[in-house]
Amino acid sequence: MKASTLVLILATTLAIGAAVLPWPGERATPTQRVIHVNARQFAFDPPRLHVNRGDQVTLVLHATDVVHGLYLDGYDVNLKAVPGISAQATFVADRAGKFRYRCSVSCGSLHPFMIGELVVGPNTLLWRAIALTTIAATGALAFLYTRSREVAR
């Protein structure tokens, strides 16, 4: 078997493994999470929430100035909090991806810009793409190098 063929087989095997095999941290044990979100004058704090797929998430919304709402796209969670009276909802984050949440109560002139983001699961697509690109580039260079050496003989 030629060395260039061996390089192609090795690069293809690595690429398939990077695309298919689970990555570390991808299958974290589901946990219960209680996340407090403060809503105030056209912003959520924190603006971005991270959970793992399968986690049981309890969102607790606190309004610090006026009445605010929180509607979470994709999970149909809708909360309404009054200053001093919090609202909460519990759901299982069973779908991976990014989901926007927004204020569902008209709270002022900049209300449409009161948006946050829930990220469910690790962003493995980016890392898989980087790994596949690196493997493809390295495999192509190794193939060209070994092929040129074979032709020179």
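This tour moves through the salt bridges of the structure and then along one hairpin, saying at each stop what to select.

Keep in mind that the model on your screen is a predicted one. Side chains of opposite charge can pair when their charged atoms come close, and a search of the whole structure finds four such salt bridges. Three of them are visited here.

**First stop: E117 and R48**

Select E117 together with R48, and you will find a salt bridge in which the closest N and O atoms are 2.6 Å apart. This pair links distant parts of the chain, since E117 belongs to strand β9 (residues 115-120) while R48 belongs to strand β3 (residues 48-51), and the two residues are 69 residues apart. Is E117 buried or exposed? With a relative accessible area of 14%, E117 is buried, because buried means under 20%. Its partner R48, at a relative accessible area of 43%, is partly exposed.

**Second stop: R102 and D73**

Now select R102 and D73, whose side chains meet in a salt bridge with an N to O distance of 2.6 Å. Here too the pair links distant parts of the chain, with R102 in strand β8 (residues 97-102) and D73 in the loop between β5 (68-72) and β6 (77-81), 29 residues apart. If you display the surface, look at how much of each residue can be reached: R102 is partly exposed, with a relative accessible area of 31%, and D73 also counts as partly exposed, at 25% relative accessibility.

**Third stop: D94 and R95**

Move on to D94 and R95, which form a salt bridge whose closest N and O atoms are 3.5 Å apart. D94 counts as partly exposed at 41% relative accessibility, and R95 is partly exposed as well, with a relative accessible area of 39%.

**Fourth stop: the hairpin of β5 and β6**

Return to the loop that holds D73, and select the strands on either side of it, β5 (68-72) and β6 (77-81). These two strands run antiparallel and are joined by five bridges; to see one partnership, select Y71 and then N78 in β6, which is the bridge partner of Y71. Between the strands of this hairpin there are four residues, and G74 takes a positive phi near 85 degrees.

Finish by selecting β6 alone. Which residues make up the covered face of this strand? They are V77, L79 and A81, whereas N78 and K80 make up the uncovered face. N78 has thus appeared twice, as the bridge partner of Y71 and as part of the uncovered face of β6.

Terms used: Residues numbered from 1 in each chain as written. Predicted model: local features only at pLDDT ≥ 70, side-chain atom pairs only at ≥ 80, totals over all residues. Heavy atoms only, no water. Buried < 20%, exposed > 50% of the residue type's maximum accessible area, 1.4 Å probe, protein only. Pairing = 2+ DSSP bridges.
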